[in-house]
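Subject: Structure for your review

Dear colleague,

Please find below the structure I am handing over to you. My account of what was found in it follows directly after.

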Amino acid sequence: MEHRYEVRSRTERYRGRIFQVVSEEVTMPGGGTGVRDLVRHVGAVAVVALDAAGQVVLIRQYRHPVGRHLWELPAGLTDVTGEDLAAAALRELAEEVDLTAGRIDVLVDLHSSPGFTNELVRVFLARDLAEVPAERRHERHFEEADLQVARVDLDEAVRMVLAGEITNASCVAGLLAAARARDTGWSGLRPADAPLPG
């Protein structure tokens, strides 16, 4: 029988718009407790946008914690009250790369770094892409004002992952999952409203 890890106490260290940092005293197997510091995160979505030519839409964005630009998927926080995950993904697709999608499915769910955060990212596959009309496009600010957008053949994107040129976790997972899904005739895709794990 698995040990049940119970939280005995919780101390909030920081609270912001996106995440909260807490220390929790947790019961351990064999008796006693241990203190674990963790980041409670609002969650996120990401989108593998695949066009009719088999190309994926990638963005190159500056990420200050790593001090450089990274290749990523269109993605964002699930921080709009009442917005379902598929709607959040479509919103981010429109805001970051000026695209809409006629079809959206779930590719993969991932815990980005479960050693210290509960952040869960749902990665969608978007197809039947169309341009957002110019007059309805989102005005980008801060790091998003510097976004570079590229379309890359899916197999080339997978090569970039395996070569270490793409390291963003949701991008790596999404591209590998998309390539696998394509190679199996899209048979393993889940509907856009599939329940989250756990």
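Two strands are said to pair if DSSP finds at least two bridges between them. The model is a predicted one, and in it Glu25 has Val35 of β3 as its bridge partner. The strands involved are β2, covering residues 19-27, and β3; they pair in the antiparallel sense over nine bridges.

These two strands belong to an open sheet of three strands, in the order β1-β2-β3, with antiparallel pairing. At its edges lie β1 (7-15) and β3 (33-41), each of which pairs on one side only. From one strand to the next, the twist averages 20°.

As to the overall architecture, the protein has three helices and eleven strands. Along the sequence these follow the pattern β-β-β-β-β-β-β-α-β-β-β-α-α-β. The C-alpha atoms fill a box of roughly 60 × 40 × 35 Å, taken along the principal axes. Of the 198 residues, 39% are buried. Among contacts with a separation of 6 or more, residues 24 or more positions apart account for 59%.

Helix α1 (residues 85-97) may be checked against its expected length. At 1.5 Å a residue, its 13 residues should span 18 Å, and the end C-alpha atoms are indeed 18 Å apart, which agrees. Which residues of α1 are buried? They are Ala86, Ala88, Ala89, Glu92, Leu93, Glu95, Glu96 and Val97. An α-helix has 3.6 residues a turn, so residues three or four places apart point the same way. The buried residues of α1 pack against β4 (44-49), β5 (55-63), β7 (75-77), β8 (99-111), β9 (120-131) and β10 (148-153).

Val132 lies in the loop between β9 and β10. Is Val132 buried or exposed? With a relative accessible area of 5%, Val132 is buried, because the cut-off for that class is under 20%. Leaving aside residues up to four places away in sequence, Val132 touches Ala94, Asp98, Leu99, Thr100 and Arg137. The C-alpha atom of Val132 is separated by 14 Å from that of Val57, and the two residues are 75 residues apart along the chain.

Two residues other than glycine have a positive phi value and may merit your attention when you view the model. Asp128, in strand β9, has phi near 55°. Asp128 is exposed, with a relative accessible area of 56%. Trp186 has phi near 65° and is placed in the loop between α3 (169-183) and β11 (190-191). At 26% relative accessibility, Trp186 counts as partly exposed. The ring of Trp186 also has a charged partner: the charged end of Arg127 sits over that ring, 4.6 Å from its centre.

Finally, how many aromatic pairs does the protein contain? The count comes to one aromatic pair. This pair is formed by Tyr14 and Phe19, at 5.6 Å centre to centre and with 45° between the planes. The pair is classed as tilted, because planes under 30 degrees apart would count as stacked and those over 60 as edge-to-face. Both rings belong to partly exposed residues: the relative accessible area is 43% for Tyr14 and 33% for Phe19.

With kind regards

Terms used. Residues are numbered from 1 along each chain as its sequence is written. This is a predicted model: local features need pLDDT of at least 70, side-chain atom pairs count only at pLDDT 80 or more; totals for chains, interfaces and linings use all residues. Side-chain values use heavy atoms; hydrogens and water are left out. Rings of Phe, Tyr and Trp (its six-membered ring) pair if their centres lie within 6.5 Å; planes under 30 degrees apart count as stacked, over 60 as edge-to-face and the rest as tilted. Buried means under 20% relative accessible area, exposed over 50%, partly exposed in between (1.4 Å probe, protein chains only). A charge sits over a ring if NZ of Lys or CZ of Arg is within 6 Å of the ring centre and within 35 degrees of the ring normal. Helices (H or I, at least four residues) and strands (E, at least two) are DSSP runs, numbered from the N terminus. Axes are lines fitted to C-alpha atoms, for helices over the stretch in contact, and angles run from 0 to 180 degrees between N-to-C directions. The expected span of a helix is 1.5 Å times one less than its number of residues. Contact means heavy atoms within 4.5 Å.
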